[in-house]
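Here are my notes on the model you sent over. Have the structure open while you read, and follow the points in order.

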Amino acid sequence: MVKYSLVGYDSSDSSQRAFRFAMEMARCGGGRVRVVYVLQVTQGGADACALMITDESRQRSQELLEELRAIAPEATDRVDLEITHGSPGDVLLNQVRQHPDIDHIVIGHTSRGALGRWLLGSVSEDVLAGAHVPVTVVR
């Protein structure tokens with residue numbers, strides 16, 4: 001039985017479907033859901049990036065909690081939320097290493113062509129290749 005699912009979340013339709021799926025599993029099994037939102041820093045110096053991440057993550061935390069509650073009202077009681085930065089696939093795999101209670105990963109599927117996968121990579125492919133816990137990709 002799954003007790004602690006990890007969900008990569010970015011407010012997209014696919015990540016919302018993944019979150020709904022994980023919450024349903026948590027409801028059925030009495031488990032919890034860890035939601036991770038990854039900020040991707042693309043430019044600026046280290047100081048500017050640190051300031052942006054700090055300011056944006058405080059505001060974004062509140063917005064995300066409200067968004068998650070709109071999807072699943074019981075999110076307040078069953079969800080652990082973290083906002084961090086980095087490469088989404090690497091962040092999700094590191095979360096599993098840092099939180100040994102995580103026993104399942106749920107991610108949304110995003111349709112991209114071959115060029116898009118080559119340019120941007122594929123989070124689901126990275127996670128499937130590197131995870132040592134079961135992974136569900138929700139379409």
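**Notes on the fold and its packing**

1. Start with S11, which sits in the loop between strand 1 (4–9) and helix 1. This is a predicted model, so take what follows in that spirit. The phi of S11 is near 75°, a positive value in a residue other than glycine. That is worth a look because most residues other than glycine have a negative phi. Is S11 buried, exposed or partly exposed? With 22% relative accessibility, S11 counts as partly exposed, given that the cut-off for buried is under 20%.

2. Now the overall layout. The protein has 6 helices and 5 strands, and along the sequence they run β-α-β-α-α-β-α-β-α-α-β. There are 139 residues, of which 39% count as buried. If you take the contacts with a separation of 6 or more, 75% of them come from residues 24 or more positions apart.

3. Helix 1 covers residues 13–29, which makes 17 residues. From first C-alpha to last it reaches 24 Å, close to the 24 Å expected at 1.5 Å a residue. Its buried residues are S14, S15, Q16, A18, F19, A22, M23, A26 and G29. When you look at the spacing of that list, keep in mind that an α-helix has 3.6 residues a turn, so residues three or four places apart point the same way. After the helix comes G30, with a positive phi near 70°.

4. F19 deserves a point of its own. This residue is in helix 1 and is buried, at a relative accessible area of 0%. What does F19 touch, not counting residues up to four places away in sequence? The list is V7, Y9, V33, V35, L68, I71, A72, A75 and V79. Take A72 as an example: F19 and A72 are 53 residues apart in sequence, yet their C-alpha atoms are 8.8 Å apart in space.

5. How many aromatic pairs does the structure hold? The count is 1. The pair is Y9 with F19, edge-to-face, at 6.2 Å centre to centre and 70° between the planes. It links distant parts of the chain, with Y9 in strand 1 and F19 in helix 1, 10 residues apart. Y9 is buried too, with a relative accessible area of 3%.

6. Next, strand 2 and its arginine. R34 lies in strand 2. You might look for this side chain on the outside, but R34 is buried, with a relative accessible area of 9%. Leaving aside neighbours within four places in sequence, its contacts are Y4, S5, L6, V7, D80, E82, Q95, H99 and I102. With D80, the C-alpha atoms are separated by 4.6 Å, although the two residues are 46 residues apart along the chain.

7. Over in strand 3 you will find T84. Its relative accessibility is 17%, so T84 counts as buried. Not counting residues up to four places away in sequence, T84 touches V36, Y37, V38, L39 and V91.

8. One of those contacts, V91, is also on the list of buried residues in helix 4. The full list for that helix is P88, G89, V91, L92, L93, Q95 and V96. What covers them? The cover includes strand 1, strand 2 (32–39), strand 3 (79–85), strand 4 (104–108) and helix 6.

9. Last, the packing of helix 4 on helix 6. Two packed helices are described by the angle between their axes and the distance between the axes. Here the axes of helix 4 (residues 88–98) and helix 6 (residues 123–130) come within 8 Å and cross at roughly 35°. The crossing of helix 4 and helix 6 is right-handed. On the helix 4 side, P88, G89, L92 and L93 take part, meeting V123, D126, V127 and G130 in helix 6. By class, that contact has 5 nonpolar, 2 polar and 1 charged residues.

How values were computed. Residues numbered from 1 in each chain as written. Predicted model: local features only at pLDDT ≥ 70, side-chain atom pairs only at ≥ 80, totals over all residues. Heavy atoms only, no water. Helix = DSSP H or I, 4+ residues; strand = E, 2+ residues; numbered from the N terminus. Expected span 1.5 Å × (residues − 1). Buried < 20%, exposed > 50% of the residue type's maximum accessible area, 1.4 Å probe, protein only. Axes fitted to C-alpha atoms, helices over the stretch in contact; angles between N-to-C directions. Left-handed = near helix turned anticlockwise from the far one by under 90°. Contact = heavy atoms within 4.5 Å. Nonpolar A, V, L, I, M, F, W, Y, C, P; charged D, E, K, R; others polar. Phe/Tyr/Trp six-rings, centres within 6.5 Å; stacked < 30°, edge-to-face > 60°.
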